[in-house]
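Welcome! Here is a short briefing to help you find your way around a structure you have not met before.

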Amino acid sequence: MGASLAFASVGLLVGPLQSAEAATPKIKVHYIDVGQGDAIYIKMPSGEDIVMDGGNKGKGDELVAYLKKQKVGDIEMLISTHPDADHIGGLDEVLDSFKVKSIYAPKVKHTTQAYKDFLLAVKREKLTIKMAKAGVSLPVKGVKAQFVGPVKDYAMSDLNNWSAVLHVAYKKNTFLFTGDAELKSEQDMIAKKKTLRADVLKVGHHGAKTSTSATFLKYVKPKYAVISVGKNAYGHPTKEVVTNLKRAKATMLRTDKSGTIVFEGNGSSYTIKKSK
């Protein structure tokens with residue numbers, strides 16, 4: 001991340017005058033540039049700090065530095081969407097650096113060192129992992145934050161579809177965080193009639209063609225689509241997903257091009273800041 005976190009440029013400003021917004025509680029969602037991986041920090045209007053995923057192994061120190069720069073004192077809720085290394089890799093360092101009150105993760109295991117290090121850090125902090133699954137709500141004042149996926153159990157080898165999918169609504173500001181959920185999970189959430197409509201979509205699996213179907217986008221109806229992606233050999237984001245997002249008329253934002261992206265919502269409109 002480095003100097004890119006200076007937020008040299010300001011993106012969009014939509015809504016009431018800034019002076020009128022000054023006293024309005026806001027939700028701030030930081031899509032942190034950790035290269036190829038996911039790391040998200042949410043500052044809730046009532047002050048709760050939520051961290052979702054921690055990037056790859058080796059990105060933990062950068063994530064910790066970023067959170068300290070945001071003056072995070074403790075973390076009310078830490079979420080591991082699923083055990084893949086590019087999501088869970090830096091969370092052990094977060095656990096070692098901050099007092100964490102609650103941890104949520106889906107009921108699926110992995111054999112990687114990154115996953116083992118995460119479990120060891122949870123044990124050191126003497127915490128118990130709460131299950132992240134559809135229907136579970138987070139205790140946040142004035143905000144509805146509920147997991148809408150996974151809606152069922154998948155094969156233990158099907159890690160991506162186990163991804164915890166979180167829907168957040170602060171008045172008229174709405175966000176959907178999908179982890180690496182793929183088409184099967186998307187279809188299951190639609191079949192279960194979960195709340196998917198969101199202004200801001202964290203695109204699934206870094207833009208892989210196995211996520212973000214045209215059908216899913218018809219339910220989400222995103223105005224903005226954030227792709228957490230870095231240099232990679234997988235072709236992320238894929239042409240298929242980019243085409244689907246264009247057809248859905250979503251404004252695309254990529255962490256590899258814009259750096260860390262911060263959405264700030266006052267309940268009715270957003271400002272968007274980019275670090276590069």
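The points below cover a sheet, a hairpin, some aromatic rings and the nonpolar cores. Please keep in mind that this is a predicted model.

**The six-stranded sheet**

- A good place to begin is an open sheet of 6 strands with mixed pairing, arranged in the order β8-β9-β10-β11-β12-β13.
- Its edges are formed by β8 (144-149) and β13 (251-254), each of which pairs on one side only.
- On average, and with direction ignored, neighbouring strands of this sheet are turned by 20° against each other.
- Within the sheet, β9 (residues 165-170) pairs with β10 (residues 173-177) in the antiparallel sense, over 5 bridges.
- If you want a spot to look at in this pairing, find His-167, which stands opposite Leu-176 in β10.

**The hairpin of β14 and β15**

- Strands β14 (residues 261-265) and β15 (residues 270-274) run antiparallel and are joined by 5 bridges.
- Across this pairing, Val-262 stands opposite Lys-273 in β15.
- The hairpin has 4 residues between its strands, and Gly-267 takes a positive phi near 105°.

**Aromatic rings**

- Searching the whole structure turns up 9 aromatic pairs.
- One of them joins Tyr-104 and Phe-147 in a tilted arrangement, with 6.0 Å from centre to centre and 45° between the planes.
- Tyr-104 belongs to strand β6 (residues 99-105) and Phe-147 to strand β8, so this pair ties together parts that are 43 residues apart in sequence.
- Tyr-104 counts as buried because its relative accessibility is 4%, under the 20% cut-off.
- Phe-147 is buried too, with a relative accessible area of 1%.
- Elsewhere in the list of rings, a cluster linked by ring pairs takes in Tyr-31, Phe-175, Phe-177, Tyr-224, Phe-263 and Tyr-270.

**Nonpolar cores**

- The largest nonpolar core has 31 residues, and those touching the most other members are Tyr-31, Leu-138, Phe-175, Phe-177 and Phe-263.
- A second, separate core of 25 residues includes Tyr-66, Ile-75, Leu-78 and Ile-88.
- Phe-177 is worth a look of its own: leaving aside residues up to four places away in sequence, its contacts include Val-29, Tyr-31, Ile-40, Ile-42 and Met-52.
- Phe-177 also touches residues of β9, among them Val-165, Leu-166 and Val-168.
- Ala-164 and Lys-202 are also among the residues that Phe-177 touches.

Notes:
Residues are numbered from 1 along each chain as its sequence is written. This is a predicted model: local features need pLDDT of at least 70, side-chain atom pairs count only at pLDDT 80 or more; totals for chains, interfaces and linings use all residues. Side-chain values use heavy atoms; hydrogens and water are left out. Two strands pair if DSSP finds at least two bridges between them. Helices (H or I, at least four residues) and strands (E, at least two) are DSSP runs, numbered from the N terminus. Axes are lines fitted to C-alpha atoms, for helices over the stretch in contact, and angles run from 0 to 180 degrees between N-to-C directions. Rings of Phe, Tyr and Trp (its six-membered ring) pair if their centres lie within 6.5 Å; planes under 30 degrees apart count as stacked, over 60 as edge-to-face and the rest as tilted. Buried means under 20% relative accessible area, exposed over 50%, partly exposed in between (1.4 Å probe, protein chains only). A nonpolar core is a set of buried Ala, Val, Leu, Ile, Met, Phe, Trp, Tyr and Cys residues joined through side-chain atoms within 4.5 Å. Contact means heavy atoms within 4.5 Å.
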